[in-house]
Amino acid sequence: MRSIRPLRSSAARCPVRAPRRRAADVQWLLNQRLARAQALLESTGLPIEKVAELSGLGTANNLRHHFLRHLGVTPGDYRRAFPGH
């Protein structure tokens with residue numbers, strides 16, 4: 001898994017590329033969090049609030065916002081697409 005620390009130090013060395021690099025890092029981190037949330041929704045019966053917390057997205061509202069924006073479905077609808085949930 002990638003660490004944020006080396007990314008921060010490399011971005012600090014190049015001020016011209018730093019904003020683009022930071023944006024890419026933020027997107028990478030969001031993608032990792034969404035992937036973790038998807039895995040938890042597919043494989044557990046944890047409440048949506050707990051999935052949001054464990055995936056790093058914080059709240060159920062934040063998880064719902066990002067799911068709708070990036071995947072086009074709510075976390076609940078996503079979970080229902082998998083047998084046993």
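**Exercise 1. The overall fold**

In what order do the elements of the protein chain run from the N terminus on? Work it out on this predicted model, then describe how the chain is covered.

*Solution.*
- Step 1: Start at the N terminus and walk along the chain; the elements read α-α-α-α-α.
- Step 2: Count by type, and you get 5 helices and 0 strands.
- Step 3: Turn to burial. Of the 85 residues in the protein chain, 26% are buried.
- Step 4: Look at the outside, where the protein chain exposes about 5,700 Å². Carbon and sulfur atoms supply 55% of that area.
- Step 5: Finish with the contacts that have a separation of 6 or more: 46% of them join residues 24 or more positions apart.

**Exercise 2. Two salt bridges**

Find the salt bridges in the structure, and say where the partners of each one lie and how exposed they are.

*Solution.*
- Step 1: The structure holds 2 salt bridges, so take them one by one, using the cut-off of 4 Å between nitrogen and oxygen.
- Step 2: In one of them, the side chains of Lys50 and Glu53 meet, with an N to O distance of 3.4 Å. Both residues belong to helix H3, which covers residues 48-55. Being 3 residues apart, Lys50 and Glu53 are separated by about one turn of the helix.
- Step 3: Check their exposure. Lys50 has a relative accessible area of 33% and is partly exposed; Glu53 is partly exposed too, at 48%.
- Step 4: The other bridge joins Asp77 and Arg80, whose closest N and O atoms are 2.6 Å apart. Here the helix is H5, residues 75-80, and the partners are again 3 residues apart, about one turn.
- Step 5: Is Arg80 buried or exposed? With a relative accessible area of 56%, Arg80 is exposed, because exposed means over 50%. Asp77 reaches 41% and counts as partly exposed.

**Exercise 3. The nonpolar core**

Which residues form the largest nonpolar core, and which helix gives the most to this core?

*Solution.*
- Step 1: List the members. The core has 11 residues: Leu30, Leu34, Ala37, Leu40, Leu41, Val51, Ala52, Leu57, Leu63, Phe67 and Tyr78.
- Step 2: Sort them by helix. Helix H2 (18-43), H3 and helix H4 (60-71) each supply at least two of these residues.
- Step 3: Pick out the main contributor: H2 gives the most, with 5 residues.
- Step 4: Zoom in on Val51. Not counting residues up to four places away in sequence, Val51 touches Ala37, Leu40, Leu41, Leu46, Leu63 and Arg79.

**Exercise 4. Ser55 and Arg36**

Is Ser55 buried or exposed? Then follow the contacts of Ser55 to Arg36.

*Solution.*
- Step 1: Locate Ser55 in helix H3. Its relative accessibility is 6%, so Ser55 counts as buried, the limit being under 20%.
- Step 2: Look for a polar partner. A polar atom of the Ser55 side chain lies 3.2 Å from the backbone oxygen of Ala52.
- Step 3: Leave aside neighbours within four places in sequence; Ser55 is then in contact with Arg33, Arg36, Ala37 and Leu40.
- Step 4: Move to Arg36, which is found in helix H2. Arg36 is partly exposed, at 43% relative accessible area.
- Step 5: Apply the rule of step 3 to Arg36: leaving aside neighbours within four places in sequence, the contacts are Leu54 and Ser55.
- Step 6: Compare chain and space. Arg36 and Gly56 are 20 residues apart along the chain, and their C-alpha atoms are separated by 8.6 Å.

Methods. Residues are numbered from 1 along each chain as its sequence is written. This is a predicted model: local features need pLDDT of at least 70, side-chain atom pairs count only at pLDDT 80 or more; totals for chains, interfaces and linings use all residues. Side-chain values use heavy atoms; hydrogens and water are left out. Helices (H or I, at least four residues) and strands (E, at least two) are DSSP runs, numbered from the N terminus. Buried means under 20% relative accessible area, exposed over 50%, partly exposed in between (1.4 Å probe, protein chains only). Contact means heavy atoms within 4.5 Å. Accessible areas come from the Shrake-Rupley method with a 1.4 Å probe; for residues, only the protein chains shown count as cover. A nonpolar core is a set of buried Ala, Val, Leu, Ile, Met, Phe, Trp, Tyr and Cys residues joined through side-chain atoms within 4.5 Å. A polar contact is a pair of N or O atoms within 3.5 Å; within protein, one must be able to donate a hydrogen and the other to accept it, and residues adjacent in sequence count only if both atoms are side-chain atoms.
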